[in-house]
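Here is a short tour of one protein model. Keep the sequence and the 3D view side by side as you read.

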Amino acid sequence: MCRFLIYKGTEPIQLAHLLTRPAHSIINQAFDSRLRLDTRRPINGDGFGVGWYDKEVDEEMGRQPCIFTSVTPAWNNINLIRLAEKIKSPLVFAHVRATTAGTLSLDNCHPFQFNQLMWMHNGELACFMKYKRRVQSAVRDEIYEKILGNTDSEWAFGLFLSLLPDLNAASFTYKDLQKTMLATIAKLNQFAREAGVTEPSLMNFAVTDGSTVVATRYISSKTEEAASLYFSSGTTFSETSRGHYKMSKRDKREDIVVIASEPLTFEKADWLEIKTNTLIVITPKMNLLQIPIVDEFHVPPADAVLHKRATSFVEEKGLLSPRLVAMTAGMGDLTLSPIEITA
């Protein structure tokens, strides 16, 4: 399984502060993941990718992100180290891959891109080959011809793009991306159900248009936990000593939000766990919203206390270590009203 990282800030950050310098950076997680224990694929060495946007839109260059991918192990790519030291961006997507579907190729490395949109996935669509044709049939022609890879992740992105109200819009509201993400999950659940698939799918998805970020921690199960996902927010993210970073809060503003499969630091106070089957939004104005996803796999809070989700499935998939100690519980005032989704 994979690891991903999202950074959005009011000011650009040097990529090295996310990718290479922290002792537990996403690149180090490629070979030293603390929250996964996968005896089948013990390292995330099947390629990596990083995508970023410029702070100011250059009309000649366009609104599209720049994406750098490679099939070499992330920790051994000198070009990545060089680029990370010389590039700054206010919005970064990074991904290290342990393949579960699709071959080892550049076409299968995340993040995927269409116009100004970027997409990542950590997880697996269970028994995807049983309903891949259904997904492909739902993908619009202009999207179908641009899908170069063969992963469940990229086909899920194709479905997302096909469900957008206006694929070629110059910009999207956060509600556009939010509703389309929920519709994508509902459609994938519908296709799996119609194909007779009973194994849960792990759908930690992330999408951005360069202004808004929408991500999910989701599993199509009422009894199992989803793959791990955390967030940290504050006003500065800085190095306190060599390799050790801390998120600081000077006031109530959110100048920085980081979402990650695994924390970049081991400062417990810096990170909050996103609850299973939750959608998280970072708006263009840096508002952070967390919204429970209400569908057939939703567990009301009152029931969740009595019926704690199991971790056996996600442990078996290598997306959560049985030695994991919960860093925190509860989202407090950040949790908003549930969103109900239907196929």
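What does the accessible surface of the protein come to, and what percentage belongs to carbon and sulfur atoms? The accessible surface is about 15,000 Å², and carbon and sulfur atoms hold 50% of that. Bear in mind that this is a predicted model.

## Overall picture

The protein has 343 residues, and 57% of them are buried. It holds nine helices and 16 strands. Many contacts span long stretches of chain: of those between residues at least 6 apart in sequence, 73% join residues at least 24 apart.

## The seven-stranded sheet

Start with an open sheet of seven strands. Its order is S3-S2-S4-S1-S12-S9-S13, and the pairing is antiparallel. Strand S3 (66-70) and strand S13 (272-273) form the edges, each pairing on one side only.

Look at the S3 end. Strand S2 (residues 48-53) is joined to S3 by five bridges, and the two run antiparallel. Within this pair, Gly 49 of S2 faces Thr 69 in S3. Helix H3 (residues 78-86) lies across four strands here: strand S1 (3-14), S2, S3 and strand S4 (88-96). The helix runs at about 155 degrees to S3.

## The S7, S8, S14 and S15 strands

Now move to strand S8 (residues 213-217). Five of its five residues are buried, so the strand is largely enclosed by the rest of the structure. Val 213, Ala 215 and Arg 217 point one way, while Val 214 and Thr 216 point the other way. In a regular strand, side chains alternate between the two faces of the sheet.

S8 pairs with strand S7 (residues 202-208) and also with strand S14 (residues 278-282). S14 in turn is joined to strand S15. The table lists these pairs, each antiparallel.

| Pair | Bridges | One facing pair of residues |
|---|---|---|
| S7 and S8 | three bridges | Ala 206 and Ala 215 |
| S8 and S14 | five bridges | Val 213 and Ile 282 |
| S14 and S15 | five bridges | Ile 282 and Leu 288 |

Ile 282 appears in two of these rows: it is the bridge partner of Val 213, and it stands opposite Leu 288 in S15.

Two hairpins connect these strands. S7 and S8 have four residues between them, and Gly 210 in that hairpin takes a positive phi near 100 degrees. S14 and S15 have five residues between them. In that turn, Met 286 has a positive phi of about 70 degrees.

How many residues of strand S15 (residues 288-294) are buried? Seven of its seven are, and the strand is mostly covered. Leu 288, Gln 290, Pro 292 and Val 294 point one way. Leu 289, Ile 291 and Ile 293 point the other way.

## A loop residue after S8

Follow the chain on from S8. Ala 226 lies in the loop between S8 and strand S9 (230-234). Is Ala 226 buried or exposed? Its relative accessibility is 0%, so Ala 226 counts as buried.

What does Ala 226 touch, leaving aside neighbours within four places in sequence? Its contacts are Leu 202, Asn 204, Arg 217, Tyr 218, Ile 219, Thr 276 and Val 314. Among them, Leu 202 and Asn 204 belong to S7, and Arg 217 belongs to S8. Glu 315 is 89 residues away along the chain, yet the C-alpha atoms of Ala 226 and Glu 315 are separated by 9.8 Å.

## Pockets and cavities

Rolling a probe the size of a water molecule over the atoms shows where empty space is left.

The second largest pocket has a volume of about 510 Å³. It is lined by 26 residues, and those closest to its centre are Tyr 53, Asp 54, Lys 55, Val 57 and Gly 210. S1, S2 and S4 each give two or more residues to the lining. The largest share, three residues, comes from S1. Gly 210 was met above, in the S7 and S8 hairpin.

How many cavities of 30 Å³ or more are there? The count is two. The second largest has a volume of about 30 Å³. Its lining includes Leu 19, Phe 48, Gly 49, Val 50 and Leu 80. Helix H2 (26-29), S2 and S4 each give two or more residues to this lining. Gly 49 thus returns here, having faced Thr 69 in the sheet.

Definitions and conventions
Residues numbered from 1 in each chain as written. Predicted model: local features only at pLDDT ≥ 70, side-chain atom pairs only at ≥ 80, totals over all residues. Heavy atoms only, no water. Pairing = 2+ DSSP bridges. Contact = heavy atoms within 4.5 Å. Axes fitted to C-alpha atoms, helices over the stretch in contact; angles between N-to-C directions. Buried < 20%, exposed > 50% of the residue type's maximum accessible area, 1.4 Å probe, protein only. Areas by Shrake-Rupley, 256 points an atom, 1.4 Å probe, with all protein chains shown as cover. 1 Å grid on protein atoms, 1.4 Å probe; cavity = no way out; pocket = protein on both sides within 12 Å on 5 of 7 lines; lining within 4 Å. Points joined across faces, edges and corners; volume = space filled by probe spheres on them.
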